[in-house]
Every structure is written in C-alpha cells, then in structure tokens.
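Student: I have a model open on my screen and would like to understand the words people use for it. Could you take me through them?

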Amino acid sequence: MKIRKKMLPVCSPSGGKEEIKAISKVIKSNWFGKGPLVNQFEKEFAKKVGVKYAIAVTSNTHGLDLVLKALNINNGNIINPTISFLTTAVVPIWNNCSTNIVDVDPHTLCIDPEQVKKSINSDTKAIISVNLNGVMSPIDEIRKFYKGLIIEDCAHCAPGYATAGQKGDIAVWSFQATKLMTSGDGGMITLNDEKLYNKLKKLTWFGITQTYDRLNKKDNTSNKPGYAWDYSADIIGYKCYMIDLTAALCLEQMKKLPKHVKLRQHIQTRYNNELHKIIKCPPWSETVQHYSIKVPSKYRTDLINYLASKNIHTSVHYKPMHLHPGLTPYFTNKTQNYPVANKEWEKLLSLPCHPVMKEKDIDYVIYWVNNYFKDKYNEK
Ligand SMILES: Cc1ncc(COP(=O)(O)O)c(C=O)c1O
C-alpha cells in the first residue's frame with residue numbers, strides 16, 4: 001500500500017460550519033463571557049447524564065480541584081488508579097492530601113476493587129474511579145464495602161452513554177482538545193446534591209453573583225433592569241467558570257455526539273474484527289475515547305516507529321502514575337506493588353480513532369499494523 005503524505009493523527013477534533021456559525025453568533029452578540037449559553041449547556045448536559053445539576057468549568061482538572069475544595073478535603077488520603085492521566089493523582093496533592101495509587105484490573109485497566117479494599121483506612125477521604133477509555137469502572141463493587149465519597153472521572157465519557165456520571169456521588173468531565181466533544185479546553189461537574197451544587201457554583205467565581213446575571217437582573221434599588229454594581233463575597237472562591245464562547249462550541253459538539261460516537265464504534269468494530277490475532281483488543285467501550293490495543297511489549301517501540309514511518313501517529317494511554325518520580329514522594333503507601341499495571345502498560349498502544357477518519361484511513365491502519373505482524377510471525 002502506498003505511504004500516505006500527511007500524518008494520520010491518533011486523536012483529532014472534528015468541527016465544521018455549525019461550530020463557526022455558533023461562535024460568530026456569540027461574537028456578534030457582544031457578550032463573550034459567562035452567560036445564557038453556559039446556562040443552556042449546563043441544563044442540557046445534566047438532563048442527558050440523568051442528574052439534577054451540572055456546573056460548567058474550565059477543565060476536568062479544575063472541576064476536580066473545586067470539588068475537593070467545596071468538600072473541605074484538605075488533608076487525608078485519596079485512592080485512585082495508577083493508570084490514568086496525571087490529574088487524578090496531582091489534584092489531591094494540590095489540596096494537601098496524600099495520594100494512594102492502587103493497581104488496576106488486567107482486562108479493563110480500571111481501578112481494582114480488591115486493591116481499593118486493602119487500601120481503605122481511617123484517613124481515606126475519597127476514591128476517584130476513572131472510566132478509562134469510556135469503559136465503566138467498578139463503582140457498584142466498591143460500594144459494597146465503602147460508604148464514603150466516590151468521585152467518578154468521566155473525562156473519557158460522553159453524556160448519555162453507558163452509565164457515565166450515574167454511579168459516583170459526583171462526576172467530572174472533560175472537553176479538552178482530544179476528547180469526544182471538545183471546545184479546546186473545558187469541563188463539567190455533575191451531581192444530585194443541591195447544597196453542594198450551590199456551593200460549587202459560588203466557588204467558580206470568588207463567590208460572586210455572575211456579571212451577566214447582574215446585567216440582566218432587576219436592580220434591587222430602582223427595580224429597573226440595569227447593572228447592579230454591588231457584590232459580596234462571603235466565601236473564598238476561585239476562577240474557573242466556563243464562558244459563552246466555549247459553551248457555544250460545546251453545544252454544537254454535543255449535537256454531533258450521536259454521529260461521532262457511531263463512527264468511533266464503527267472503527268472499534270473494524271479494528272476488533274480485522275487486526276492480527278496476536279493483538280489483544282480492548283474491552284468494548286461505548287464512547288471509544290482511545291482505542292488501546294495490547295501488543296507483545298518487546299515489539300511496542302518498534303511498532304510505534306514502524307507506524308510512524310508510514311505516517312500513522314500512535315500514543316500510549318497511559319504511563320502509570322507510580323512511574324512519575326515527581327509524584328512518588330506524595331504516595332501514602334511507598335511499598336505498594338503494581339504487578340498488573342507494570343506488566344500491562346508496556347503492551348499498550350493507542351491507534352488512530354476519531355470521527356475525522358474515513359474508511360480508507362481505517363483500511364490503512366489495519367493494513368500496516370497487520371503487515372508489521374505478518375513479517376514478524378512469518379505468515380503468508
Ligand atoms: C482520565 C483523565 N482524567 C482527567 C483528565 C484531565 O482533563 P482536563 O484536561 O479537562 O483537565 C484527562 C485528560 O486527559 C484524562 O484523560
């Protein structure tokens with residue numbers, strides 16, 4: 001097969017005239033900041049997830065940070081899986097907590113409930129359960145022996161798919177550049193607890209009533225619509241709310257989710273059926289945020305370079321957290337072992353999987369991956 005000229009990316013956002021139109025409308029409205037589109041996005045998102053409340057923020061990372069701050073979790077220990085992005089271990093450290101990284105299930109690579117059970121102690125303040133690559137993590141199993149707070153990381157999920165956001169006490173989502181629905185960056189917190197919702201909402205902007213609301217609210221003194229200049233901060237808050245420019249993109253991306261997810265599932269099905277039998281395909285995911293195969297670890301680097309020479313970009317999701325030297329001083333249990341993650345992560349390789357891919361791109365990836373192993377295993 002002829003080598004393509006342009007690199008095929010491993011992840012890619014997909015936007016078009018709908019997003020351009022939505023952004024133009026915001027610009028022409030003369031209000032770029034937090035306003036009616038953020039409110040609309042929050043309402044529609046919560047409805048799709050099947051929860052009462054949603055709070056749009058600047059990222060999953062800052063959403064998680066805000067949750068810990070709202071709940072006054074500023075010491076103690078937080079349990080999370082070693083295979084995830086840095087956020088899940090680093091944000092507890094920002095909040096003065098130690099992080100108890102535990103091993104994962106060999107098949108799903110989500111947190112292993114048995115390891116969670118062994119790690120819980122009187123210092124445990126929360127468990128962060130990551131739905132890795134869109135595969136639901138074992139929250140029901142953890143609930144059988146743990147009654148405390150479970151934060152569900154839905155960075156690889158989309159609202160309305162599988163049970164995402166329905167099992168944890170609170171869920172944090174991501175609209176970062178490579179995610180299923182993206183605005184370049186952005187995040188959402190979803191929950192059912194009204195009191196916590198009200199506190200989180202306040203914390204997104206120094207505890208101040210939003211400017212847009214003040215602009216359009218009837219003035220307290222004159223009772224006429226106008227700019228109520230006064231505000232009062234009765235709490236130390238932060239600054240991490242979403243703005244209308246971002247919400248406009250998110251609303252359009254959310255409309256496209258059914259089409260985009262269908263395409264990702266189609267790629268997943270083709271890869272599952274047509275990749276060389278030496279490859280271990282990942283567990284079925286409804287959203288397929290990453291299509292992460294397992295190959296014999298001795299071939300991984302060579303395969304990455306081989307595919308790069310064919311202009312196919314690949315990646316690894318993720319290098320375990322316990323292998324990052326900057327994090328280990330903050331681990332509670334420094335003698336903890338990670339036999340599963342250590343063995344499995346060296347086999348991981350994410351292949352291109354995104355809605356910009358055409359049928360010929362899927363053919364192209366399958367051809368070159370199979371070709372690599374055909375040579376290796378000397379098949380006809
Ligand atoms: C599993 C997981 N959690 C959290 C995050 C952080 O998301 P954000 O970039 O929106 O902060 C990511 C982003 O890559 C992720 O993959």
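**Reading the labels, residue by residue**

Tutor: Gladly. Met321 is a good place to begin: this residue sits in the loop between H10 and H11. Keep in mind that the model is predicted.

Student: What makes Met321 count as buried or exposed?

Tutor: The cut-off for buried is 20 or more other C-beta atoms within 10 Å. Met321 has 24 C-beta neighbours inside 10 Å, so Met321 counts as buried.

Student: Which residues does Met321 touch, not counting those up to four places away in sequence?

Tutor: Met321 touches Thr82, Ser84, Ala89, Ile101 and Leu327. The C-alpha atoms of Met321 and Phe85 are separated by 7.7 Å, although their positions lie 236 residues apart along the chain.

Student: Where is Tyr318 found?

Tutor: Tyr318 is in the loop between helix H10 (297-309) and helix H11 (339-344). The peptide bond from His317 to Tyr318 is cis, with omega near 0°.

Student: Why is Asn72 called exposed or buried?

Tutor: A residue is exposed if 12 or fewer other C-beta atoms lie within 10 Å of its own. Asn72 has 9, so Asn72 is exposed. Asn72 lies in the loop between H3 and E2, and its phi is positive, near 55°.

Student: And Val288, what makes that residue buried or exposed?

Tutor: Val288 has 26 C-beta neighbours inside 10 Å, so Val288 counts as buried. Its place is the loop between helix H9 (244-274) and E8. Phi of Val288 is near 45°, a positive value in a residue other than glycine.

Student: How do you know which class Lys167 belongs to?

Tutor: Partly exposed is the class between 12 or fewer and 20 or more. Lys167 has 19 other C-beta atoms within 10 Å, so Lys167 is partly exposed. Lys167 lies in the loop between strand E5 (149-154) and strand E6 (170-174).

Student: What is Lys167 in contact with, leaving aside neighbours within four places in sequence?

Tutor: Lys167 is in contact with Ile139, Asp140 and Glu152. For contact, the C-beta atoms must lie within 7 Å. Lys167 and Arg143 are 9.5 Å apart, but that value is C-alpha to C-alpha.

Student: Why is Leu109 called buried or exposed?

Tutor: With 29 other C-beta atoms within 10 Å, Leu109 meets the cut-off and is therefore buried. Leu109 is in the loop between E3 and helix H5 (113-119). Leaving aside neighbours within four places in sequence, Leu109 is in contact with Ile83, Val104, Leu132 and Glu344.

Student: Which residues of H4 are buried?

Tutor: In H4, Thr87, Thr88, Ala89, Val91 and Pro92 are buried. The buried residues of H4 pack against H3, strand E2 (77-81), strand E3 (98-102), strand E4 (124-130) and E5. After H4 comes Asn96, whose phi is positive, near 65°.

Student: Which residues come nearest to the ligand?

Tutor: Of the 14 residues around the ligand, Ser59, Asn60, Thr61, Ala155 and Ser174 come nearest. Helix H3 (60-70) and helix H4 (87-94) are the elements that give two or more residues to this shell. By class, the shell has three nonpolar, 10 polar and one charged residues.

Student: How do you know that E8 and E9 pair, and in which sense?

Tutor: Pairing requires at least two bridges. Strand E8 (residues 291-294) and E9 have four bridges, in the antiparallel sense. In one of them, Ser292 has Ser350 in E9 as its partner.

Student: Which way do the residues of E9 point?

Tutor: Leu348 and Ser350 point one way from strand E9 (residues 348-351), Leu349 and Leu351 point the other way, and all are buried.

Student: Which residues have the most contacts inside the largest nonpolar core?

Tutor: They are Ile55, Ala56, Val67, Ile189 and Ala247, in a core of 99 residues. H9 gives the largest share of this core, 10 residues.

Student: Why is this core said to lie between domain 1 and domain 2?

Tutor: Domain 1 (17-252) and domain 2 (256-376) both give residues to this core, so the core lies between them.

Conventions. Residues are numbered from 1 along each chain as its sequence is written. This is a predicted model: local features need pLDDT of at least 70, side-chain atom pairs count only at pLDDT 80 or more; totals for chains, interfaces and linings use all residues. Two residues are in contact if their C-beta atoms, placed from the backbone, lie within 7 Å. A residue is near a molecule or strand if its C-beta atom, placed from the backbone, lies within 6 Å of it. Ala, Val, Leu, Ile, Met, Phe, Trp, Tyr, Cys and Pro count as nonpolar, Asp, Glu, Lys and Arg as charged, and the others, Gly among them, as polar. A nonpolar core is a set of buried Ala, Val, Leu, Ile, Met, Phe, Trp, Tyr and Cys residues joined through C-beta atoms within 7 Å. Domain bounds come from an automatic or database domain assignment.
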